[in-house]
Amino acid sequence: MRVSMDIELKDIPGQLLSALNPISELKGNLKSIVHHHEKRTPRGTIPLQLVFEADPECLDAIISKLEKNGVDVTRVDEKRFVEHGAVILIGHIVHTDVEDTIETIDNTGFAEVVDIRLSMPHIDTSSSASLKIDAIGKKELHDAITILRDIAVKKDLLVIEPIRAELS
Amino acid sequence: MRTIRASIIGFGSVGQGVAEVFLQKREELENIGLDLKVVAIADSRGAEINNEGIDLSEIIARKRETGTIASRQITGVEIIRNVEHDLVIETTPTDVETGGVGLENMLAAFGHGRDVVTSNKGPLALKYRELMDVAREAGSGFRFEATVGGAMPILNLAHDTLAGNKIISIEGILNGTCNYILSRMMEEQASYEQMLAESQELGIAETDPTNDVEGSDTACKLVILANSIFGMDVNYNDVDVTGITKITPEALILANDEGYTIKLIGEVKDDLIRASPRLVPIGHPLAVGGTLNVASIQTDLAGTVTITGRGAGSIETASAILSDVVSLYRP
């Protein structure tokens, strides 16, 4: 998960370190830091903008560690789903419990079906659907499509997934 | 000048293409020091043999007029065993179930120390290791560029031109018939059945299109790539195959709305060999239309190299065979 965070530091030595340590201790991967030492907030603190990748389960721990270190966290914006993919399904999509198909992806916690469009030309002929899937990373998107492929085998649906170059 | 005595076993569309190309390129071949003499030709009904070299323009005309070249009742494998020559050009129809007569021809050729250049996938998809071992023990040359991608160079490209690179993966369209049907389904928003009928009318699909549309032709080519380029030891049964017969025009339209087209893609990577319909972004190098073939070769040093070309056709396939012949014998 990618997190963007605004924090405020006191203008005393060692503050930057106490802001970054909790992130690295919890295996976060820092993507960018914007630090303007000459700027001041109305509270006299120094504003800092951070972007990092972290395990969603560690985010609360990172925030409480920061606060324990005396760093004010003023804004947290988690962008959970950074990868987007599309797949096409062909077969008896509705009659094989489309809700279950979607829920199996949604229940993973790392991917979600965010859009589905269905085309049902005639009764008794195959339907076609396009699914948009969002996931928290490339690997997770790949995993979600693999899960979908397994469901499709059980429900006798054809899954058309993107070429490898699109997923790696 | 080096004289190469050759037989052409199988005189259908590809065999005739080879004869035409040999005629057409006689001077170019002489310029690089090769005198190609076709001493025997066999088709399904018999054979023609001439130790001084068969008149190729006469034999092509004879085939067109009478439907056969047979002047005596001798089979291909008898020619391979009994007529003294260096090179067997094996262009009989492919049999992916048993390897058929092609397998017998190739083994006989190696058994008599002859070189083989072939367009026949079946034997290679079934018995790759065995054929390579027998050829090596016999000291025979064995080349088969024409089995994958027709005129599009891929085996020799990976082995020779990209020598030194590690090939990480290959992904591409290896069957022109499927590509044509899917491209036309999108253009006309028509059903699979309609576009199959159209391609049969145009001679792009065979009367029995099973091998092409169910993906087994692509699978055979993947097996040859996997064994030859990736050093695997796999056969047809190791390929995960899904054909194109279930694709609907609605699926193509939905894919198009998302910026994709649907293609039958073959891929080889690590232990995965798969032929299946896939979403290819419109404008991506793999999104070629019509009957074209295409392949992206991912390498460690050169990055990704993509080639496209005609995957079938008499002269196009003969081009790949000629290139194999030249690289076997060029002084």
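Helices, of at least four residues, and strands, of at least two, are DSSP runs, numbered from the N terminus. The model used in these exercises is predicted.

**Exercise 1. Compare the make-up of the two chains**

Task: State how many helices and strands chain B has, and find what its radius of gyration says about its compactness.

Solution.
- Step 1. Count the elements. Chain B holds 13 helices and 12 strands.
- Step 2. Take the radius of gyration. For chain B it is 20 Å, and the globule rule gives 20 Å for 331 residues, so chain B is as compact as a globular protein of that length.
- Step 3. Look at the box. Along the principal axes, the C-alpha atoms of chain B fill roughly 65 × 45 × 35 Å.
- Step 4. Look at burial. Of the 331 residues in chain B, 57% are buried.
- Step 5. Look at contacts with a separation of 6 or more. In chain B, 69% of them come from residues 24 or more positions apart.

**Exercise 2. Do the same for chain A**

Task: Give the order of elements in chain A, and set its radius of gyration beside that of a compact globule of 168 residues.

Solution.
- Step 1. Count first. Chain A has 5 helices and 8 strands.
- Step 2. Read from the N terminus. The order is β-α-β-β-α-β-β-α-β-β-α-β-α.
- Step 3. Set the two radii side by side. Chain A has 22 Å, while a compact globule of 168 residues would have a value near 15 Å.
- Step 4. Add the spans. The C-alpha trace of chain A covers about 75 × 30 × 25 Å along its principal axes.
- Step 5. Add burial. In chain A, 42% of the 168 residues count as buried.
- Step 6. Add contacts. Among those in chain A with a separation of 6 or more, 68% join residues 24 or more positions apart.

**Exercise 3. Classify two helix packings**

Task: Decide how α8(B) and α12(B) are oriented to each other. Then do this for α5(B) and α6(B).

Solution.
- Step 1. Know what to look for. Two packed helices are described by the angle between their axes and the distance between the axes.
- Step 2. Read the values of the first pair. Helix α8 (residues 176–188) and helix α12 (residues 249–257) of chain B pack at about 75 degrees, with axes 9 Å apart.
- Step 3. Apply the cut-off. Angles of 65 to 115 degrees count as roughly perpendicular. Therefore α8(B) and α12(B) are roughly perpendicular to each other.
- Step 4. Find the residues. B:L182, B:M185 and B:M186 of α8(B) touch B:P249, B:L252, B:I253 and B:N256 of α12(B).
- Step 5. Sort them. This contact of α8(B) with α12(B) has 6 nonpolar residues, 1 polar and no charged ones.
- Step 6. Move to the second pair. Helix α5 (residues 100–111) and helix α6 (residues 121–138) of chain B pack at about 10 degrees, with axes 9 Å apart. That makes α5(B) roughly parallel to α6(B).
- Step 7. Find these residues too. On α5(B) they are B:G102, B:L103, B:M106, B:L107 and B:F110. On α6(B) they are B:P123, B:K127, B:E130, B:L131, B:V134, B:A135 and B:A138.
- Step 8. Sort again. The contact of α5(B) with α6(B) has 9 nonpolar, 1 polar and 2 charged residues.

**Exercise 4. Cover a helix**

Task: Name the buried residues of α12(B), and say what covers them.

Solution.
- Step 1. List them. They are B:P249, B:E250, B:A251, B:L252, B:L254 and B:A255.
- Step 2. Look at chain A. The cover includes β5 (83–91), β6 (111–119) and β7 (127–135) of that chain.
- Step 3. Look at chain B. The cover also includes α8, β9 (260–269) and β10 (272–281) of chain B.
- Step 4. Check what follows the helix. Just after α12(B), B:G259 has a positive phi of about 90 degrees.

**Exercise 5. Place a lysine**

Task: Is B:K221 buried or exposed? Which side chain does its own side chain join in a polar contact of 2.8 Å?

Solution.
- Step 1. Locate the residue. B:K221 sits in helix α11 (residues 216–229) of chain B.
- Step 2. Use the cut-off. Buried means under 20% relative accessible area. B:K221 has 7% relative accessibility, so B:K221 counts as buried.
- Step 3. Find the partner. The side chains of B:K221 and B:D217 are joined by a polar contact of 2.8 Å.
- Step 4. Check the backbone. A polar atom of the B:K221 side chain lies 2.8 Å from the backbone oxygen of B:L174.
- Step 5. List contacts beyond four places in sequence. For B:K221 these are B:K121, B:T147, B:V148, B:G149 and B:L174.

Notes. Residues are numbered from 1 along each chain as its sequence is written. Chains are lettered from A and ligands numbered from 1 in the order in which they are written. This is a predicted model: local features need pLDDT of at least 70, side-chain atom pairs count only at pLDDT 80 or more; totals for chains, interfaces and linings use all residues. Side-chain values use heavy atoms; hydrogens and water are left out. Buried means under 20% relative accessible area, exposed over 50%, partly exposed in between (1.4 Å probe, protein chains only). A polar contact is a pair of N or O atoms within 3.5 Å; within protein, one must be able to donate a hydrogen and the other to accept it, and residues adjacent in sequence count only if both atoms are side-chain atoms. Contact means heavy atoms within 4.5 Å. Axes are lines fitted to C-alpha atoms, for helices over the stretch in contact, and angles run from 0 to 180 degrees between N-to-C directions. Angles under 35 degrees count as roughly parallel, over 145 as roughly antiparallel, 65 to 115 as roughly perpendicular and the rest as oblique. Ala, Val, Leu, Ile, Met, Phe, Trp, Tyr, Cys and Pro count as nonpolar, Asp, Glu, Lys and Arg as charged, and the others, Gly among them, as polar. The radius of gyration is taken over C-alpha atoms; the globule rule is 2.2 Å times the number of residues to the power 0.38.
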